[in-house]
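Please walk through this structure with the model open beside the text, moving from the whole chain to two chosen positions.

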Amino acid sequence: MTSHDHPQRDSPDWERPDFCPFCGTALADGGAGFVDHMDDSPPCAERFESWRERITDDVGGEWGG
Ligand SMILES: [Zn+2]
C-alpha cells in the first residue's frame with residue numbers, strides 16, 4: 001500500500017508533511033502546502049478534520065478526568 005514513507009500519525013513530522021497523508025500528493029511547501037492542499041481537496045480536508053477530532057478526543061479523555 002505505501003509507495004513512500006508517511007510520518008506516523010503521532011509523529012512530530014505531521015506538522016511539516018512532505019506528502020498529503022491522505023492521498024499521497026506531494027506538497028509544495030510543508031505546512032503551508034498542506035493548508036493549500038486542504039483547500040484544493042475537500043475529501044482530504046474532511047479526513048484531516050476527523051483525524052484531528054480523534055486526537056482531540058484522545059487528549060480530552062486523558063486530561064478530562
Ligand atoms: Zn490529499
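**Two positions in a helical model**

Gly33 lies in helix α1, and this residue is a convenient place to begin reading what is a predicted model. Gly33 counts as partly exposed because 18 other C-beta atoms lie within 10 Å, whereas 20 or more would be needed for a residue to be called buried. Leaving aside residues up to four places away in sequence, Gly33 touches Leu27 and Ala28. Gly33 can also be placed relative to Cys20, which is 13 residues apart from Gly33 along the chain, with 9.1 Å separating the two C-alpha atoms.

The next position to consider is Ser41, which is found in the loop between α1, spanning 30-40, and α2, spanning 42-64. Ser41 has 16 other C-beta atoms within 10 Å and is therefore partly exposed, since a residue is called exposed at 12 or fewer and buried at 20 or more. From Ser41 one can look back to Cys23, which is 18 residues apart in sequence, and find that the C-alpha atoms of Ser41 and Cys23 are 9.4 Å apart in space.

With these two positions in mind, the view can be widened to the protein as a whole. The protein contains two helices and zero strands, and of its 65 residues, 6% count as buried. Among the contacts in the protein with a separation of 6 or more, 8% are accounted for by residues 24 or more positions apart.

How values were computed. Residues numbered from 1 in each chain as written. Predicted model: local features only at pLDDT ≥ 70, side-chain atom pairs only at ≥ 80, totals over all residues. Helix = DSSP H or I, 4+ residues; strand = E, 2+ residues; numbered from the N terminus. Contact = placed C-beta atoms within 7 Å.
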